[in-house]
Amino acid sequence: MRKFSALTMFCVLMLLFCGAPQESPEVEAAKTEAKDEADFYYATLGESELQSLIKAMPVFKAEVEKIDMEMESADGPQEFAAMLGQYSTLNKRVPELDAKLRNVGMAWEEFWPALGKTYMAVGAVMMDSVMDKMKEEMQGVQGEMLKEMMKGMEEVNEVYKGVPQGNKDLVKRYMKELKVVME
């Protein structure tokens, strides 16, 4: 019994002081790729890129509507990025999507990053507007409920903090066209 207790104690100490085994290079590469993919949402959005996206968006929507696909909801900040991530592989699920997008001047490899950056910029613009309006309307109001609401809004706003101001300004200039194609 003492040997078993000593062996158990030794194993526990080894786990505590040696840590978990290192992950394989493949797992590390997958994590890096996922981080890099999420980072492109915060890259600079060019005006010609946005114009091409606006032109290609009706083709994209028409093709995606042909498949019956249940997307994750975007109930929170982390879920929003996960929802966008589902769109990143649609070219594999929708036959000839890339070819049809190329016909209107924007290949999938260009379309997808432009869509991600645009969605993030639109979300940031809308969040800025909501935050400004809330702060204005709630000026002078105090209370625990207000603090909780503002805390929740700040958590959501954290997702959009990395969006470049230039992307937000560009999206504001094209908001009318974006509303039409993104409905």
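## The chain as a whole

Let's start at the surface: the chain has an accessible surface of about 12400 Å², and carbon and sulfur atoms account for 57% of that. Keep in mind that this is a predicted model. Of the 183 residues in the chain, 32% are buried.

As for the fold, you'll find ten helices and zero strands here. Read from the N terminus, the elements simply go α-α-α-α-α-α-α-α-α-α. How do the contacts spread along the sequence? Take those between residues at least 6 apart: 75% of them join residues at least 24 apart.

## Helix 3 and its kink

Helix 3 covers residues 47-65, which makes 19 residues. What span should we expect for this helix at 1.5 Å a residue? The answer is 27 Å, and the end C-alpha atoms are indeed 27 Å apart, so the two values agree.

Follow helix 3 along and you'll meet a kink of about 40° at alanine 56, shortly before proline 58. Alanine 56 is also one of the buried residues of this helix. The others on that list are Glu49, Leu50, Leu53, Ile54, Met57, Phe60, Glu63 and Val64. Here's a handy thing to know when reading such a list: an α-helix has 3.6 residues a turn, so residues three or four places apart point the same way.

## A cluster of rings

Now for the aromatic side chains. A search through the whole structure turns up six aromatic pairs. One pair is made by phenylalanine 40 and tyrosine 41, with 4.7 Å from centre to centre and 45° between the planes, which makes the pair tilted. Are these two residues buried or exposed? Both phenylalanine 40 and tyrosine 41 are buried.

Ring pairs also tie things together on a wider scale: Phe40, Tyr41, Phe60, Trp108, Phe111 and Trp112 are linked into a cluster. Phe60 is a name you've already met, as one of the buried residues of helix 3.

## Asparagine 167, tucked away

Last stop: asparagine 167, which sits in helix 9, residues 165-173. Why does asparagine 167 count as buried? Its relative accessibility is 1%, and buried means under 20%.

What does the side chain of asparagine 167 reach? It gets to the backbone oxygen of alanine 43, at 2.8 Å. Leaving aside residues up to four places away in sequence, asparagine 167 touches Ala43, Thr44, Leu45 and Ala121. So alanine 43 turns up in both roles, as a residue touched by asparagine 167 and as the owner of that backbone oxygen.

How values were computed
Residues numbered from 1 in each chain as written. Predicted model: local features only at pLDDT ≥ 70, side-chain atom pairs only at ≥ 80, totals over all residues. Heavy atoms only, no water. Helix = DSSP H or I, 4+ residues; strand = E, 2+ residues; numbered from the N terminus. Buried < 20%, exposed > 50% of the residue type's maximum accessible area, 1.4 Å probe, protein only. Polar contact = N/O pair within 3.5 Å; in protein donor to acceptor, adjacent residues only side chain to side chain. Contact = heavy atoms within 4.5 Å. Phe/Tyr/Trp six-rings, centres within 6.5 Å; stacked < 30°, edge-to-face > 60°. Expected span 1.5 Å × (residues − 1). Bend = angle between axes of the 7 residues up to and from the residue. Areas by Shrake-Rupley, 256 points an atom, 1.4 Å probe, with all protein chains shown as cover.
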